[in-house]
Amino acid sequence: MNLSVNIAGVTLKNPVTVASGTFGSGMEYGEFVDLNRLGAVTTKGVANVPWPGNATPRIAETCGGMMNAIGLQNPGLRVFKERDLKFLADYDTKIIVNVCGRSKEDYIDAVEQLADTNADLLEINISCPNVKEGGIAFGQNPKMAEEITAAVKKVAKQPVIMKLSPNVTDITEMARAVEAGGADAVSLINTLTGMKIDVERRTFAVANKTGGLSGPAIKPVAVRMVYQVANAIKLPIIGMGGIRTAEDALEFLMVGASAVAVGTANFVNPYATLEVIDGIAAYMGRHGIQDINELIGCVK
Amino acid sequence: MSKKEQVKALITKQECMTGEIFEMRIKAESIAAEAKAGQFVSLYCKEGGRLLPRPISICGIDKEKGELRLVYRIAGEGTREFSKMQAGDEITVTGPLGNGFMTEDLKDGMHAVLLGGGIGIPPMLELAKVLPGEKTIVLGYRDADTFLAKEFEAYGKVLIASDNGAVGVKGNVVDAMKAEGVKGDLFFACGPKPMLRGIKEYAAAQGARAQLSLEERMACGIGACLACVCKTTKVDEHSQVNNTRICKEGPVFYAEDIEL
């Protein structure tokens, strides 16, 4: 049985990775799961310099989901390279480094700093709804998205995945823009911008006022968007948004994702990634599927 | 660092102590074996719409029986769901989480002051049990519902404060310490932030160190999501900014290391 998939020339031993920001760099979840079993570890967004993130409270639970406004707190690339990338070097899994920035120069600096490292793929975060400058500005304007993609591609030594925001009128327009900019793959969806009010305290449930909604509640939106993007562009897709079971993951694969990411489910069940991998293999066994690639995009 | 695990635990006791304060005992041998005073566990709801675990402090550890005693307040729908579970039910739990109190700081002959406010009282009971030597224990309540207070009497001199003055000194634990002129060489505390601020100041005035246990909304509970941070006075080694993870580096911190 073949579970391996290909993303922009990089072979993942299985199609399961994690959504950036839900798994750190794997150190903490490594106490629960064998990281060697993952197709790839996608690290929490890292910038050229450390970012302090937003005020607390940074999260709030919603029915079937959660909102977060962490604000991309990260230790900066210098420490990330010395510590997190070194840690991951000991594992037989692919490394997808999620890169964030406030300006084009930030992204270029970060991508250049990653050139000589063991990162296998770069995921460029142009879709975080929780930081004021940069980030989402690039993710909601097709012209800027194309520009930033081209600028990053110019300096990147690894294949580039552009992470798309669902907070747009037409996600296929953004997908076409990053494809035109030279992206090697896309990942979607990032969180949906939401708001929750704490009625007892008569204030916002998260300090940032708005937060990114994730979890099972957003899965149908994510599946729909992956389907649309798969029909709009030729690039491989990493699908995510509310995946917690193998069946969830299979939905994404069947509408055209070549790989999937488990996100919020990690908080609920630290073993979720492994259960998804085992569940996909069990499904293939049950249905006599020899190669996972037969399932990718099988629902037209 | 203690080994963490997520297990299905059997509830062996569930009882309302007073008002919205409940006591739950769970059989979770592997977690009880590793647990120490000041650590916490994550409890999960069965209701599928409530995804995130609820961090609950550990009130008692029975290594022989492999049981944990959890005393919690109904603070929302999740904890309300827990309160309706019965002995014999199963509950998913991850733990032990965090680092607990630095009990090794208490040297021979030192006098410890243990302070708990509201739902910050339960973790102080296990600490009172394991800390050697003479101790003063100061407990702050909302009103006359002084849950757990009797049990503390076995471990030291107990002073009580209540917000409405129904029992003990009117005010919080700092008011009670001032009223009684409490002195100590080492302070341990868990409770609301204003109370912790007062204790930080009170201990500093005596030239004593204080260990403060913090609370914040959490998602993963293990240090990955960076939801539950607090401000630090120095750049934190892990985050490289003035933020530290309450669930991972804490929940107990030296007062001088954090901004309250």
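## A cis bond in a loop of chain A

In this predicted model, residue A:I189 is found in the loop of chain A that runs between β10 (185-188) and β11 (192-195). The peptide bond that joins A:L188 to A:I189 is cis, with an omega of about 10°.

The strand on one side of this loop, β10 of chain A, is also the place of A:A185. A:A185 is buried, because 25 other C-beta atoms lie within 10 Å. Although A:A185 and A:P159 are 26 residues apart in sequence, their C-alpha atoms are 7.9 Å apart in space. When neighbours within four places in sequence are left aside, A:A185 is in contact with A:I7, A:A8, A:P159, A:I161, A:L235, A:P236, A:I237 and A:I238.

## Positive phi values in chain A

One of the contacts of A:A185 is A:A8, a residue other than glycine that nevertheless has a positive phi, near 50°. A:A8 has its place in the loop between β1 (5-7) and β2 (10-12) of chain A. It counts as partly exposed, because A:A8 has 16 C-beta neighbours inside 10 Å.

Another residue of chain A that is not glycine, A:R202, has a positive phi near 50°, and A:R202 is found in the loop between β12 (197-198) and β13 (203-204) of chain A. Is A:R202 buried or exposed? With 7 C-beta neighbours inside 10 Å, A:R202 counts as exposed.

## Two helices of chain A

Helix α4 of chain A covers residues 142-155 and helix α5 of chain A covers residues 171-180; their axes come within 7 Å and cross at roughly 30°. These two helices, α4(A) and α5(A), are therefore roughly parallel to each other, and the crossing in which α4(A) passes α5(A) is right-handed. On the α4(A) side the meeting residues are A:P142, A:A145, A:E146 and A:T149, while α5(A) brings A:E173, A:M174, A:A177, A:V178 and A:A180. Sorted by class, the contact of α4(A) with α5(A) holds 6 nonpolar residues, 1 polar residue and 2 charged residues.

A:V178, which is found in helix α5 of chain A, can be followed in further detail. It counts as buried, because A:V178 has 31 C-beta neighbours inside 10 Å. In sequence A:V178 and A:K143 are 35 residues apart, yet from C-alpha to C-alpha they are 9.0 Å apart in space. Apart from its neighbours within four places in sequence, A:V178 is in contact with A:A145, A:E146, A:T149, A:M162, A:A183 and A:V186; A:A145, A:E146 and A:T149 are also among the residues of α4(A) that meet α5(A).

## Domains of chain B

The domain assignment of chain B gives domain 1, which spans 5-97, and domain 2, which spans 103-213. The C-alpha centres of domain 1 and domain 2 of chain B lie 24 Å apart, and 14 residues of domain 1 of chain B are in contact with 12 residues of domain 2 of chain B.

Which elements of chain B supply at least two residues each to the side of domain 1 that touches domain 2? They are β1 (5-18), β5 (60-62) and β6 (67-73) of chain B, and the largest share of that side, 3 residues, comes from β6(B). By class, the side of domain 1 of chain B that touches domain 2 of chain B has 8 nonpolar, 5 polar and 1 charged residues.

## Helix packing and a cis bond in chain B

Helix α5 (residues 173-180) of chain B packs with helix α6 (residues 193-205) of chain B at an angle of about 35°, and their axes are 9 Å apart. In this contact, α5(B) takes part through B:V173, B:V174 and B:M177, and α6(B) through B:M195, B:G198, B:I199 and B:Y202. The residues of the contact of α5(B) with α6(B) divide into 6 nonpolar and 1 polar, with no charged residue.

Chain B also has a cis peptide bond, which joins B:G250 and B:P251 with an omega of about 5°. B:P251 is found in the loop between β15 (243-245) and β16 (252-254) of chain B.

## Where the two chains touch

Between the two chains, 22 residues of chain B are in contact with 31 residues of chain A. On the side of chain B that touches chain A, the residues divide into 11 nonpolar, 7 polar and 4 charged.

Notes
Residues numbered from 1 in each chain as written. Chains lettered and ligands numbered in written order. Predicted model: local features only at pLDDT ≥ 70, side-chain atom pairs only at ≥ 80, totals over all residues. Helix = DSSP H or I, 4+ residues; strand = E, 2+ residues; numbered from the N terminus. Buried ≥ 20, exposed ≤ 12 C-beta atoms within 10 Å, placed from the backbone. Axes fitted to C-alpha atoms, helices over the stretch in contact; angles between N-to-C directions. Parallel < 35°, antiparallel > 145°, perpendicular 65-115°, else oblique. Left-handed = near helix turned anticlockwise from the far one by under 90°. Contact = placed C-beta atoms within 7 Å. Nonpolar A, V, L, I, M, F, W, Y, C, P; charged D, E, K, R; others polar. Domains from an automatic or database assignment.
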